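Here are a few exercises to work through with the model in view. Try each task yourself before reading its solution.

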Amino acid sequence: MRIVVTGASLTLLLSLLVITVYAQSNETQIWTDTENNVKILFTYSPKNPVVDKPTVLHFSVFSGGGKQVSSQNLLTGTLVIITNSTGHERTFKFNHLHTTNGTFSVKYLFPDSGFYQIITRINSNNPPSISLASFSVIVTPETGSLSFIITLLVIISALVAGVTYFVRTKHRYHFNKRTEIFILIVSVSSLVSVYFFLSFYIFPHLYISLPRLKPMPEIHDVSLSSPVVGIGQRFTLTLSDINIGDSADFQTISAGFPNLTTTYGFVKIIHSDFIQKPILIKKDEMVGSSYQGTGNLISAKYPSIEAFSRPWHSQVTHHIEFEITPISIGRFVILLKSVAFPHLNQFAHFPLNGLRDYQSEFVKAYSILVVKDRKYLHTRSPN
Amino acid sequence: MNFDKRAFSFLQKPRTFDLRLFLSPSYTMIRFVFGCTLVSIGMFVSAAGGSWDISNHLLNKPETFFSIPHAVLYSGVALAIFGLIIVRMAYRKYVSIYNNDSKIKISSKLIFVGISMLVVAGPIDFAWHSAFGLDGLLSPPHFVLLSGMIVSSLGAMLGIISYVSAHDDRKMNYKKELSTEVKTSITIYLPLIFIGLLPLWMTLDGLIGMFSLPFSNTQYFNFNPNPFLAAALATLGYPLLISFILCFSFHLGKRKFGVVSVMGASYLAIHAITAIVPNESLIPTLTFYILNLLPILASDILLSSSANRRLSVYVSGLILGSSFLMMQYPLITYVYNEVFTKQSFVWPSLLSSSYFGMIGSVYPLVVGPAAAMGIVGAILAGKVIDRLSLSPIIECRSRC
C-alpha cells in the first residue's frame, strides 16, 4: 500500500512540475548593463498572455543609480520578438520607438503558444550609448488543455494502481477468477496506454515548444597598450568577453593575426581566466566557417588564437591579455570576433555585422602602427 | 538427521553488535557477505561516478584527470578493495571450517579478478591521459576498468545470493515451521538483492553504452563504433538487459509485488541524477523520465498477480523491452542521431529537442526487435534462476 501511495504521490507532484513549465511568472524581469550603467525593467500584461489576444509589453529604463532617465535624454528603441514554437524561427520587429521619460510600451499578439525571446536595443543620446537586453515570455495554450490532459492521465494511473492493489489484497476473495483476470488486464493495459500516450504524443509536443537557449556574446574593454610601436617592440592587447544572453554550451573569442604566418614566438598569452586552455590555430589548419563549427571546414588563411569556455553561463565575463611582437613595418591588424554555440540566430555572434573574414564570419578590426624607429616618429617635423 | 547447533550459530542474529562475536569463526559467512556487500556498494559508487563523468565530459570538456566524478569513481574502487580484503579473509576462514562451497569459491575468485583488473587499469588510465590527453569513452584502459567492474559486481552478487540460499536451505532443513523467521529475513534479504543487482545492472548498461555511444573520437584515436552497428547493439542490448535484470530481481525477491518497482525506480533515480540533472536544459524533462515508472509498475503487477507464469513473463518482457528508448533517455539520442543525421555530436542544450524530434520516427523501427529482446531477457532470467538452483527455495519461500 505504501508503494502505491508513494508512487501516486510522486507522479502527482511531478505533474505539477510539468504544469509549472507552462506556469506564468509575472515577476518583473530586470536587465543590467554594467558597461553603460543602465537598468532595463520589463513587465507584461496580462499576467498569462494568451494566443491571439493583445499583450502589452512595457519597458522602463533606469540609470545605474536607480533614477529614471532625464527628460533631456532622448531614448530610441528597437524591439525584436523571436520565437521557435512552431519549429521554424520567426521574428517580428518594432522600430523607431521613442521616449523621453524612460518608459515605452508596445502591444503585441502572440500568434502561437510557446516561448518568446524579446530582444531590446536602447539608444541613448545623453550620454551616447547603446544597450542590448534580452527578456522572455511564455505563452500558454488558450485552454490549458495540455496540462489538463496530463493531470487527468496521472489521476487515472493512480486510480488504476489503487484499484488493482485493493482488489488483490482486500477483496480478492469476493471476486471470481475471471473478474480478477479482467481487472488485471484492464489495469495493466491502462498503465501501459497512459505511458505510451504521454511519451509519444503529449510530452513531445510539450518539450519541442520549450525555449531554446539563445546566448549573445559581446566583446568589450578592448585596449591596446600603445597605438604606435617600433619594430621588434612588444605591445599588449587586453579584452573582455561577456555572454549577455542565455547560457551557451560553448562560447569562443578569436583573435586573428593576418600579418603573421605563425603565432609561435610572436604572440604570447599573459593572462587568461577561461575555463579551458586557449588553442592556437596554425595557418592551413582546418577550421569551421559560416558559424557552423565543424560542419563546414576550410583551411585557415592566417594564424589565430581561440579562447573558449564550455559552458559559458549568462552574464559571465572572461578576460584575456596577449603580448604581441610585430615583425614588419606598417599597420599591424588584429581581427576579433566572438561566437556562441549552439548558433541559432544572428545574435549568437559578435560583431553583428561589418567586416567579414575568410571564414565568412563578422570580425572587428583593431590595429597599431609599427614604425622603423619609435624615436624617429617623435623627432620628425611635420614638413 | 542430527544437526550440530553450533554449526548454525552464524544464522542467529545477535541482539547487539559485538565486534568479538562478529570476528569469531562462527560468523565467517556473515563477514563474507559483508565483504561482498562492500564490493557491491563500491561498484555502485564507481558506476554512478562513471555515468556522471560521461555527462561531465559532454557538458564541461574537462582538461584534467583530477575531476570530482573521477574522484567518486575511484572512491568506489577504494571501497571495493576494502571489501575484497574482507571477502578473502572470510573465505579462507570459511574453507578451513566448513566444506569448500563452489558458489562461494567462484564468488571470491571473481571479486579478486575483478578488483585486480581495476587496480591495474587505474594507473594505466592515468598514464594514457598523460600521454594522449583526455581519452574518449572507449579506450583500452577504460574497457579494462569496466570489465573489472562487471566481474567484481557479478562476483559480489553471487556471494550475496549464495549466502541467502545457504541460509534458507539449512534453516529449512533445520526447522519445519519457518514462516516467522523467513519473514524476518526478508528485511535483510531484499536490500541485499538490490545492493547486489544494481551495480551489475549499471556496469552492464555502461558496457553497452561504451560500444554504442559515439564518444570515442579523440585527437589521437578514433574508437567510435560504426553508427549502424552501434544502433543495432543499443536496440538489442538495452531491452535484453532491462528485462533480464528486472525479471531476475522479481524471482530473487520471492516473486513479491514491489521488488521490480523498487529496483526499477532505483535505476531511474540514479540515471536521472547522473545523466539528466547535470544538464540544466534537461531538468524540465525529468517528469517525462520519471514516467518510466509506469511500465515497471505494470510489469510488477502482472508478474506478481498473474497465475499464468509463462504469459505474464512474456508480456512483462515485452512491456519492459519496448520502453527501453524512454528509459535510456537522454544519451540514446546520440546513438540514433548519428544514424539519421550522420552527425555524432548534439549540443547539450539541444539534446531534448533532438530526442523528442526523432522519437516518433525512430520508435516504430526499433519497437519490434526491442520487444522481442525483452521477452528473451525475461525468459533468460528464469533460466538463470534454475541454473543457480534457486527455484525450489523461491517456490518454498513464496508459499510461506
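A residue is called buried if 20 or more other C-beta atoms lie within 10 Å of its own, exposed if 12 or fewer do, and partly exposed in between, with C-beta atoms placed from the backbone. This is a predicted model, in which local features need pLDDT of at least 70, side-chain atom pairs count only at pLDDT 80 or more, and totals for chains, interfaces and linings use all residues. Residues are numbered from 1 along each chain as its sequence is written, while chains are lettered from A and ligands numbered from 1 in the order in which they are written.

**Exercise 1.** Work out whether K254(B) is buried or exposed.

*Solution.* Start with the backbone: K254(B) isn't a glycine, yet its phi is positive, about 65 degrees. Next, find its place, the loop between helix 7 (227–252) and helix 8 (259–276) of chain B. (Helices are DSSP runs of H or I with at least four residues, strands are runs of E with at least two, and both are numbered from the N terminus.) Finally, count neighbours: K254(B) has 21 other C-beta atoms within 10 Å, so it is buried.

**Exercise 2.** Do the same for Q315(A): is it buried or exposed?

*Solution.* Q315(A), also not a glycine, has a positive phi of about 65 degrees. Look for it in the loop between strand 17 and strand 18 of chain A. The count around Q315(A) is 12 other C-beta atoms within 10 Å, so it's exposed.

**Exercise 3.** Find which residue a cis peptide bond joins to Y329(B).

*Solution.* The partner is P330(B), with omega at about 5 degrees. P330(B) sits in the loop between helix 12 (324–327) and helix 13 (332–341) of chain B.
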